[in-house]
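Trainee: I've got a model open on my screen and I'm not sure how to read it. Can you walk me through it?

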Amino acid sequence: MSTHQYALLFDGKCRICSSQVETIAAYNDDGLIELLDMNSAEARERFPQVTPAMAQRELHLVAPDGTFYQGADAVRETLLRLPSLRGLGELMRLPGAMFIARPLYAWVAANRYTIGGRTEECTDGTCQPYRSQS
């Protein structure tokens, strides 16, 4: 990973997550954001501080300086880095916006497999920590 690049860790087994990452990829013209499936060996090796349980709860964005953003905060920071979507990120900076965005994000994340399904069967147990929380 180059020193100017952000790393976005997402759940590649989640249809909603994968769809959103495809949208991000379409607007990631400058390649500023590296997209990594948190279920991959590469993501686990490069970011061992993100435990499987943490990764199952929410999206993570790692800034070039090592700062971690999670959940709705990761969404906001990602949007702010993409020129075509920056306006959405700016809306999330408005007073009170994160008061709504954080619980809404948490609810969608907690129900993402029910709402959108999985991209494949979860026979390797990577979804198990998440399912036990719902």
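Trainee: What pattern does the protein chain follow along the sequence?

Mentor: Read from the start, the order is β-α-β-α-α-β-β-α-α-α-α-α. That gives eight helices and four strands. Keep in mind that this is a predicted model.

Trainee: How many of the residues are buried?

Mentor: "Buried" here means under 20% relative accessible area. Of the 134 residues in the protein chain, 40% fall in that class. As for the surface, the chain exposes about 7,400 Å², with carbon and sulfur atoms supplying 56% of it.

Trainee: Where is Thr78, and is it buried or exposed?

Mentor: Thr78 sits in helix α4. Its relative accessible area is 1%, so it counts as buried. Leaving out residues up to four places away in sequence, Thr78 touches Leu8, Ile24, Ile33 and Leu61.

Trainee: And contacts across the whole chain?

Mentor: Take the contacts between residues at least 6 apart in sequence: 59% of them join residues at least 24 apart.

Trainee: Let's do pockets. Which residues are closest to the centre of the largest pocket?

Mentor: Start with the space, about 580 Å³ in the largest pocket. Its lining has 29 residues, and those closest to the centre are Ile16, Gln20, Leu59, Val75 and Tyr105.

Trainee: Which element supplies the largest share of that lining?

Mentor: α1 does, with six residues. Elements giving at least two residues each are β1 (6-10), α1 (15-27), α3 (52-57), α4 (71-81) and α6 (97-110). By residue class, the lining splits into 21 nonpolar, four polar and four charged.

How values were computed: Residues numbered from 1 in each chain as written. Predicted model: local features only at pLDDT ≥ 70, side-chain atom pairs only at ≥ 80, totals over all residues. Heavy atoms only, no water. 1 Å grid on protein atoms, 1.4 Å probe; cavity = no way out; pocket = protein on both sides within 12 Å on 5 of 7 lines; lining within 4 Å. Points joined across faces, edges and corners; volume = space filled by probe spheres on them. Nonpolar A, V, L, I, M, F, W, Y, C, P; charged D, E, K, R; others polar. Buried < 20%, exposed > 50% of the residue type's maximum accessible area, 1.4 Å probe, protein only. Contact = heavy atoms within 4.5 Å. Areas by Shrake-Rupley, 256 points an atom, 1.4 Å probe, with all protein chains shown as cover.
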